[in-house]
Amino acid sequence: KKRVVSGVQPTGSVHLGNYLGAIKNWVALQDTYETLFIIVDHHAITLPYDTRQLGKATTDTAALYLACGIDVSKASVFVQSHVPAHVELMWLLCSSTPIGWLQKMIQFKEKSRKEGVENASVGLFTYPDLMTADILLYQSDFVPVGEDQKQHIELAREIAQRVNHLYGGKKWKKLGGRGGSLFKIPEPLIPQAGARVMSLTDGLSKMSKSAPSDQSRINLLDSKDLIVDKIKRCKTDSFAGLEFDNAERPECNNLLSIYQIVSGKKKEEVMEECKDMSWGTFKPLLADALIEHLSPIQARYQEIIAEPEYLDKILSEGADRAEELGAVTMRNMYQAMGYYQRR
Ligand code: TYM
C-alpha cells in the first residue's frame, strides 16, 4: 500500500483552515492508503510557547483528529515526540541540507519577522528538516496539506534526492546495503477547495493560530453563539450580490468557499444560490452551515476527551506502529552513511 503522512502542530486550537486544508481531506485517504497522522509537538516548541498548554493541546489535537473522522482501525495516530527516530533522522538530514535552502523558506521569514532573524531560535530555522524527517522516515508517497506547506514539501523532495545521490545507489551497496534509493520522493496533495482559508477579518491574510485576534478564525471547538457572532462581525464589502473569484473581493470569495465546502454543495450550485444575496441574508446561512457541520465533530470530541485511557491507548499503538515502520529507514540510513553499528 502507498503511504500518506501528515500532521498538525499542537499550538492554540485547531481552526477551520487546519480542518479544510488538511484534516478533512485525510479522512478520504484512509481506505486507500496506509496513513499516519502525527501530532507534531516538536514543531510546536520552535516559537515561544506555554509549557502548561503543550500537553493538553497535544491530546486535544489527537481527539479532534478522531472526532473529524480519522478511524484508528485504518490509520495510525501518534505523537511525534513518542517516536524518537523523527529527531534522529532530522539530524542526519541536517547534514545534507545546505543552509541556503533553509534561508529561502517563506515560513521562516514570516515567523522570524516579529523577533528578528537574529533572535529566532535555531529550531525554527531547522524546522523544515524536522518536517522532512516526518515525511521521509515512513517512505511517504503523499503528503496532504494546505497551500502554505507546499514549499516545505518541495524542500523535502530536494533533500530526499540529495541524500539518495550522496549516500544511495552503488555506494550503499558497497557497504553491504540493498543499493538504490534510500528515500521515496514524496508528493504534496493540496485540495482544490480549502487549500488556503483566509482570515475573517482580512481576506488577504490566511487564517492562522498565531493571529492575535480570535475573531479572525473559527476554531473547531467554538460554541454556536461564538460562531454566529464571529460570522456576524466578519469583514465583508459593499458590492451588490455575491461572487467567487473576484480579486477585488477576497472576503467574498473566502466566505463563499467556506460555505461551499461545509454545506457539501458544488461551486456552481453556490454561485446560483447566492448570486443575488445580500450579506445580511448570507451570513446567517453560513453560520448555520458551519454549526451544522461542526456540531457532530464537537459532540464526538467530547466523548473522546472523556475517556483519556482510550486516547492514550490509541496513541501508544500508533507510536508502536510508527516505530516499526521507521526502524527500517533508520537502519538503512546508518548503514548507507557508514556508521559503526552497536553489537
Ligand atoms: P500547521 O500546524 O501550521 O497546519 C496544519 C495543517 O493545516 C494547514 N493549514 C491551512 N490550510 C488552509 N488554510 C489555512 N488558513 C491553513 N492554515 C493551516 C497546513 O497547510 C497544514 O496542512 N509544518 C506543518 C506540520 C507538519 C507536517 C509534517 C505536515 C509537521 N510535519 C509532515 C505534513 C507532513 C505545520 O506547521 O502545519
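Contact here means heavy atoms within 4.5 Å. Keep that cut-off in hand for the tour, and remember that you are looking at a predicted model.

**Stop one: Tyr167.** Select tyrosine 167, which sits in helix H8, residues 150-167. Leaving aside residues up to four places away in sequence, tyrosine 167 touches Ser96, Trp172, Leu182, Ala336 and Met337, so show those as sticks too. Now switch on a surface: is tyrosine 167 buried or exposed? Neither label fits, because its relative accessible area is 22% and buried means under 20%, exposed over 50%. Partly exposed is the term for tyrosine 167. Next, pick glycine 179, 12 residues along the chain from tyrosine 167, and draw a line between the two C-alpha atoms: it should read 9.3 Å.

**Stop two: the two domains.** Zoom out and colour by domain. Domain 1 takes in 3-195 + 308-336, while domain 2 covers 214-303. Their centres, taken over C-alpha atoms, lie 31 Å apart. Where they meet, 16 residues come from domain 1 and 14 residues from domain 2.

**Stop three: the interface.** Stay on that contact. The two domains bury about 1300 Å² between them, with carbon and sulfur atoms giving 74% of the area. Look for salt bridges across the interface and you'll find zero; look for polar contacts and there are six residue pairs. Now select helix H1 (16-27) and helix H3 (51-67), each of which supplies at least two residues to the side of domain 1 that touches domain 2. H3 gives the most to that side, with six residues. Finish by colouring this side of domain 1 by class: 10 nonpolar, three polar and three charged residues.

Definitions and conventions: Residues numbered from 1 in each chain as written. Predicted model: local features only at pLDDT ≥ 70, side-chain atom pairs only at ≥ 80, totals over all residues. Heavy atoms only, no water. Domains from an automatic or database assignment. Buried area = accessible area lost by both parts, 1.4 Å probe. Salt bridge = Lys/Arg side-chain N within 4 Å of Asp/Glu carboxyl O. Polar contact = N/O pair within 3.5 Å; in protein donor to acceptor, adjacent residues only side chain to side chain. Helix = DSSP H or I, 4+ residues; strand = E, 2+ residues; numbered from the N terminus. Nonpolar A, V, L, I, M, F, W, Y, C, P; charged D, E, K, R; others polar. Buried < 20%, exposed > 50% of the residue type's maximum accessible area, 1.4 Å probe, protein only.
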